[in-house]
Amino acid sequence: MDRNPSPPSSEAEEEEEGDAVGSTVYSKHWLFSILTRLIEVISPEKTEPSANPEEIQTELDEEMENDICKVWDMSMDEDVALFLQEFNAPDIFMGVFAKSKCPRLTEICVGILGNMACFQDICMSISKDENLGQVLLQRLCDSDSPTLLETSRLLLTCLSQPEVANVWVERIRDSPSVYDCVCFIMSSSTNVELLVKVGEVVDKLFDLDEELMLNWIKSGMCQSVGPSVDDSPEELPDFKIVPCILEAAKQVRSDNPEGLDVYMHILQLLTTVDEGIQAIVQAPDGGKETWSLLYDLVCHELCQPDDPPIIVQEQKTVLASILSVLSAMFASQTEQEYIKMRKNMPLIGSLIRILQYMEGCGKRSVDNSKESEQEETGKGDLNEEDFHLKILKDICCELLSNMFQELTKENTLEGLNQGHLNEQTCSCAFQNLLPLYFASVESFLEVLREADQTLAENLEKRFPSLKVHT
């Protein structure tokens, strides 16, 4: 890594088959000349002996920047990417990472590698180069946001290639500094584009490898080892994964709905293991910050009363993730003050509104007999949108049924007074909960009789199966 990369072979200048790169109109000779100039930029011979090291190569001259940016754009073409690979561009870029003090040059070189990695054979070659892999992971500890963005994009591209994903998962698992640097970005950056891309990397990692997710959860419970590279942020604190995810989610929530979706899915993935749920609910605040953020999103931001019912289609995945986390927290932390039902009647109202919107947006409510058939045959005849709506409905109903079982007469009276509970909303809830959650509905109906006997009797008339069992 410390050696100067060798100049590209002079064979690049041979014109036996013409000067064009593959089927493109790009010139081999021109690309060759840019690679050669790139080597010269980082060559020791270019450095004046009397120069201050801190002032060396901190900026590109305009002509060089323009030319290398053209290569960046051109590298999206597979023929160009293969040409760069053939003439050892990755090795040249590794020399840039080792020697250059110019953040812009580093950013561009990582960006070119990111474009090259979009092609499977090149991605495999890049991924199997252990030295290059380690150097790229070290870029996550860079202080330059554009470089961090391009590094994250490159990693996500590699992790999305099934043939090499495990190579990167193992490499990251064996590099403790990645955890610290990723947490540092999530907890401190205000660059929304960077936060979204880093979130996508974390989401992909957790989805690919439960062991890595468990390691990162546990890393927050013991002293951080800290980054092991010279240009990493100094004196990083001991990060805990959940607060870092929450901080990033707060940053992206208003500017980037897709980014919010990503971070909510990361939280949902955490709840798929006991250690993840405990990391959420055993935080110093007992999980209050997590609950408050998710509660606020559901009750005051997503799927609101003045939204058209079709909004549930657009928000179905983020709602499913949020409600899944709330459901896991509710099931494990019922003794926490913030989960007490007297504080959460608006959440019940929001859950019922989601169910109403699912009916109102024109999607059929699948009856339980059809659901049973589809459970045996997978997705059955459901298209992808209907399938995700069904998942949202199932999660929504599970949380609503659990909350119904905790209601008291006082909670119910409060819900009636606030408008969250009435004949229309209760009918919608019963329609979706029965017969699977019969016990929860029956429990709620008993409490409702004490709070509003007339409403309870009207509901019994609309749902005769309830009356038979009372």
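**Exercise 1. Establish how the side chain of Ser-75 is placed, starting from its polar partner.**

Solution. Begin with the polar atoms: a polar atom of the Ser-75 side chain lies 2.6 Å from the backbone oxygen of Trp-72, where a polar contact is a pair of N or O atoms within 3.5 Å, of which, within protein, one must be able to donate a hydrogen and the other to accept it, and residues adjacent in sequence count only if both atoms are side-chain atoms. The model is a predicted one, in which local features need pLDDT of at least 70 and side-chain atom pairs count only at pLDDT 80 or more, while totals for chains, interfaces and linings use all residues. Residues are numbered from 1 along each chain as its sequence is written, and side-chain values use heavy atoms, with hydrogens and water left out.

Next, locate the residue: Ser-75 is found in the loop between helix 2 (62-74) and helix 3 (78-86), helices being DSSP runs of H or I with at least four residues, numbered from the N terminus. Then consider accessibility: Ser-75 has a relative accessible area of 0% and is therefore buried (buried means under 20% relative accessible area, exposed over 50%, partly exposed in between, with a 1.4 Å probe and protein chains only). Finally, list the neighbours: not counting residues up to four places away in sequence, Ser-75 touches Val-80, Ala-81, Leu-84, Ile-112, Asn-115, Met-116 and Phe-119, contact meaning heavy atoms within 4.5 Å.

**Exercise 2. Describe the surroundings of Asn-344 and relate them to the packing of helix 16 on helix 17.**

Solution. Asn-344 is placed in the loop between helix 17 (311-332) and helix 18 (345-360), and it counts as buried because its relative accessibility is 1%. Its side chain reaches the backbone oxygen of Ile-339 at 3.2 Å. Beyond four places in sequence, Asn-344 touches Trp-291, Tyr-295, Tyr-338, Ile-339 and Met-403.

Turn now to the helix pair. The axes of helix 16 (residues 288-300) and helix 17 come within 10 Å and cross at roughly 135 degrees, the axes being lines fitted to C-alpha atoms over the stretch in contact and the angles running from 0 to 180 degrees between N-to-C directions. Helix 16 is therefore oblique to helix 17, since angles under 35 degrees count as roughly parallel, over 145 as roughly antiparallel, 65 to 115 as roughly perpendicular and the rest as oblique. On the side of helix 16, Trp-291 and Tyr-295 are among the residues that make the contact, and on the side of helix 17 these include Ile-322 and Phe-330.

**Exercise 3. Characterise the arrangement of helix 22 and helix 23.**

Solution. The axes of helix 22 (residues 423-433) and helix 23 (residues 438-451) come within 10 Å and cross at roughly 155 degrees, so the two helices are roughly antiparallel to each other. The residues that make this contact are Cys-426, Phe-430 and Leu-433 from helix 22, together with Val-441, Phe-444 and Leu-445 from helix 23.

**Exercise 4. Decide whether Arg-173 is buried, partly exposed or exposed, and identify its partners.**

Solution. Arg-173 belongs to helix 9 (residues 165-173), and its relative accessibility of 27% is why it counts as partly exposed. Leaving aside neighbours within four places in sequence, Arg-173 is in contact with Asp-209, Glu-211, Leu-212 and Asn-215. For Leu-212, 39 residues apart from Arg-173 along the chain, the C-alpha separation is 5.9 Å.
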